[in-house]
Amino acid sequence: MSVDDVAVADLEPRVFQACNMVYDPCSLGVGRRLGIVDMGLVRGVRVERISDGRLRAAVDLITTGPFCMYTPFFEQSVRQEIGKLVPEVDEVEVEWGDSTDWSEAMMTDEGKAILRIGRLTPATVTR
């Protein structure tokens with residue numbers, strides 16, 4: 001593995017972090033701030049050097065349902081956050097996957113905990 005390959009691989013965790021700075025609008029609507037990585041909407045990230053030497057990040061996204069109206073928001077926000085937080089990346093490609101199979105099981109443990117806090121009801125809170 002060349003030094004260049006290692007540098008490219010080191011960018012992938014940063015791209016994930018940038019994606020998680022994009023908050024799911026539905027979670028914000030219920031008073032919870034959940035990033036799209038924690039929501040389980042980012043299915044994968046690849047950073048590669050393309051033929052002209054530039055770096056491209058490919059982000060595989062899904063939504064929580066097939067009729068989600070936030071796909072343009074997600075795509076624009078992912079591009080913006082990666083551009084801001086990972087300036088080494090020259091190009092961002094967003095690839096949309098099948099959104100019919102999303103479930104809460106795809107969320108990170110942190111995302112589940114944040115969501116669970118939002119679902120506490122008076123009957124579940126002890127005094």
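This protein has four helices and three strands, and the model you are looking at is a predicted one. Going along the sequence, the elements come in the pattern α-α-β-β-α-β-α. Here is a friendly tour of the sheet, the core and a few residues worth finding on screen.

**Overall picture**
- Of the 127 residues in the protein, 36% are buried.
- The protein's accessible surface is about 7600 Å², and carbon and sulfur atoms account for 54% of that surface.
- If you take the contacts between residues at least 6 apart in sequence, 61% of them join residues at least 24 apart.

**The sheet**
- The three strands make an open sheet, ordered β1-β2-β3, with mixed pairing.
- Because β1 and β3 each have a single partner strand, they stand at the edges, and one side of each has no neighbour in the sheet.
- From one strand to the next, the twist averages 15°.
- β2 and β3 run parallel and are joined by six bridges.
- To find this pairing by eye, look for A58, which stands opposite E93 in β3.
- Another pair to look for is R56, with E91 of β3 opposite.
- Between these two strands the chain takes a route from β2 through α3 to β3, a β-α-β crossover that is right-handed.
- As a rule, side chains in a regular strand alternate between the two faces of the sheet.

**Helix α3 against the sheet**
- Which strands does α3 touch as it packs on the sheet? The helix touches β2 and β3, and its direction makes about 150° with that of β3.
- K84 is a residue of helix α3, and with a relative accessible area of 53% it counts as exposed, because the cut-off for that label is over 50%.
- K84 and A18 sit 66 residues apart in sequence, yet their C-alpha atoms are 8.3 Å apart in space.

**The nonpolar core**
- The largest nonpolar core contains 29 residues, and V15, C19, I36, V59, V78 and I82 are those with the most contacts inside it.
- Five elements each supply at least two residues of this core: α1 (3-19), β1 (42-49), β2 (55-61), α3 (71-85) and β3 (91-96).
- Which element gives the most to this core? That is α1, with five residues.
- C19 is a good place to start exploring: setting aside residues up to four places away in sequence, C19 touches I36, V37, V42, V59, V78 and I82.
- Among those partners of C19, I36, V59, V78 and I82 are also on the list of residues with the most contacts inside the core.

**A buried serine in α2**
- S27 belongs to helix α2, which covers residues 25-29.
- Is S27 buried or exposed? S27 is buried, because its relative accessible area of 5% falls within the under 20% range that defines the term.
- Once neighbours within four places in sequence are left aside, the contacts of S27 are R32, R33 and L34.

Methods:
Residues numbered from 1 in each chain as written. Predicted model: local features only at pLDDT ≥ 70, side-chain atom pairs only at ≥ 80, totals over all residues. Heavy atoms only, no water. Core = buried A, V, L, I, M, F, W, Y, C linked by side-chain atoms within 4.5 Å. Buried < 20%, exposed > 50% of the residue type's maximum accessible area, 1.4 Å probe, protein only. Contact = heavy atoms within 4.5 Å. Pairing = 2+ DSSP bridges. Axes fitted to C-alpha atoms, helices over the stretch in contact; angles between N-to-C directions. Right-handed = clockwise from strand over helix to strand, strands pointing away. Areas by Shrake-Rupley, 256 points an atom, 1.4 Å probe, with all protein chains shown as cover.
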